[in-house]
Amino acid sequence: MTDPVIEIHGLNKTYDSGFSALKNVDLTIRPGEIFALLGPNGAGKTTLINVICGIVNPSGGTVMAGGHDVIRDFRGAREKIGLVPQELTVEPFAKVWSTVAFSRGLFGKRRNDAHIERVLKDLSLWDKRKNATRELSGGMKRRVMIAKALSHEPEILFLDEPTAGVDVELRRSMWNVVRGLREHGVTIVLTTHYLEEAEQMADRIGVIQNGEISLVDETAVLMDKLGEKRLTISLAEPLAEMPAALAEHELHLGDDGYQLVYVYRAGGQSDGVRQLFHDLDAAGIAFTDVDTKQSSLEEIFVNLVENGR
């Protein structure tokens with residue numbers, strides 16, 4: 001079994017004010033995966049990232065990144081990590097090329113123009129390489145931040161709300177870049193408020209609430225375990241009330257009497273659905289259409305947060 005690229009045990013962070021931002025966090029992240037960290041504002045997402053990246057000192061616990069302890073071997077750990085923070089922090093008068101190349105030099109890496117060129121082209125920044133960053137749109141500045149984070153060829157890339165303020169087209173192309181990085185073995189850890197992105201992109205999802213990791217699971221498994229399916233049956237003739245023959249099923253009759261709605265967990269209730277249709281047929285209830293909808297990750301997440309309060 002491959003060793004985790006990030007391994008966190010008993011991590012705590014309490015500020016001088018007494019506020020406890022992280023509480024006994026245990027988390028492992030696998031090499032080459034896309035891991036989405038979800039949570040409401042103030043849940044501890046950015047604090048957790050900042051501890052792993054060596055920006056914030058923990059109050060207790062251990063954090064290993066790329067085989068290096070982030071406290072005892074800060075330089076070794078930080079060299080493995082690229083970080084794209086939420087804030088757009090670029091030198092306004094510096095050219096795009098020099099900004100990215102300078103970031104590589106900060107990590108003690110030898111000059112590698114071919115790598116810088118490849119990164120800029122992958123992020124559709126090549127045509128802007130001679131522009132000052134102040135001339136760029138917010139979305140393009142975000143791309144420059146990603147290019148800076150990739151300049152020293154890190155094994156782990158943290159993306160803290162990477163598509164905030166980026167238009168739909170740029171978001172799509174940026175995620176294509178993320179997929180390409182994963183294919184080359186880079187581990188991606190991201191936070192996002194665009195939950196559909198986490199659902200489509202992430203291999204696993206972790207939920208953090210009030211400084212604690214409340215759930216970590218494969219994305220597909222999470223959808224299956226916690227998601228709901230809503231089966232809507234459109235009837236040929238309206239019903240005035242729920243027939244006794246269907247009483248054992250958890251059905252809701254639509255206001256107009258033309259719809260029966262059956263809500264069930266996504267994981268393995270096909271027998272109940274089959275029995276429902278059998279009972280509909282036995283009761284002589286004809287229907288014209290059937291529609292099935294599964295909960296989105298956003299709906300699951302809202303339920304998790306509400307239940308955690």
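**Questions about a predicted model**

Modeller: Start with Ile 188. Beyond its neighbours within four places in sequence, Ile 188 is in contact with Glu 33, Ile 34, Phe 35, Leu 157, Leu 159, Val 178 and Leu 181. Keep in mind that this is a predicted model.

Colleague: What makes these residues contacts of Ile 188?

Modeller: The cut-off is heavy atoms within 4.5 Å. Leu 157 and Leu 159 are among the residues in contact with Ile 188. Those two and Ile 188 also have the most contacts inside the largest nonpolar core. That core has 40 residues. Its largest share, 7 residues, comes from helix 5.

Colleague: Which residues belong to the other core?

Modeller: Another core, of 27 residues, lies apart from the largest one. Val 56, Val 63, Ala 65 and Phe 158 are among its members.

Colleague: Why is Pro 162 called buried?

Modeller: Buried means under 20% relative accessible area. Pro 162 has 2% relative accessibility, so it counts as buried.

Colleague: Where is Pro 162, and what is it in contact with?

Modeller: Pro 162 sits in the loop between strand 7 (156–160) and helix 6 (168–183). Outside its neighbours within four places in sequence, Pro 162 is in contact with Arg 142, Met 174, Trp 175 and Thr 191. Arg 118 is 44 residues from Pro 162 along the chain, and their C-alpha atoms are separated by 20 Å.

Colleague: How do you describe two packed helices?

Modeller: By the angle between their axes and the distance between the axes. Take helix 3 (residues 96–106) and helix 5 (residues 138–150): their axes come within 7 Å and cross at roughly 30°. The crossing is right-handed. Helix 3 brings Val 96, Thr 99, Val 100 and Ser 103 to the contact, and helix 5 brings Val 144, Ala 147 and Lys 148.

Colleague: How many residues of that contact are nonpolar, polar and charged?

Modeller: The contact of helix 3 with helix 5 has 4 nonpolar, 2 polar and 1 charged. Lys counts as charged, so Lys 148 of helix 5 is the charged one.

Colleague: What makes strand 12 and strand 14 edge strands?

Modeller: Each pairs on one side only. Strand 12 covers 251–253 and strand 14 covers 287–294. The open sheet has 4 strands in the order 12-13-11-14, with antiparallel pairing. On average, neighbouring strands of this sheet are turned by 20° against each other, direction ignored.

Colleague: How do you know that strand 11 and strand 13 pair?

Modeller: Pairing needs at least two bridges. Strand 11 (residues 228–235) and strand 13 (residues 259–265) have 7 bridges, in the antiparallel sense. So they count as paired. In one of the bridges, Leu 231 has Tyr 262 of strand 13 as its partner.

How values were computed: Residues are numbered from 1 along each chain as its sequence is written. This is a predicted model: local features need pLDDT of at least 70, side-chain atom pairs count only at pLDDT 80 or more; totals for chains, interfaces and linings use all residues. Side-chain values use heavy atoms; hydrogens and water are left out. Helices (H or I, at least four residues) and strands (E, at least two) are DSSP runs, numbered from the N terminus. Axes are lines fitted to C-alpha atoms, for helices over the stretch in contact, and angles run from 0 to 180 degrees between N-to-C directions. A crossing is left-handed if the near helix is turned anticlockwise from the far one by less than a right angle, and right-handed if clockwise. A nonpolar core is a set of buried Ala, Val, Leu, Ile, Met, Phe, Trp, Tyr and Cys residues joined through side-chain atoms within 4.5 Å. Buried means under 20% relative accessible area, exposed over 50%, partly exposed in between (1.4 Å probe, protein chains only).
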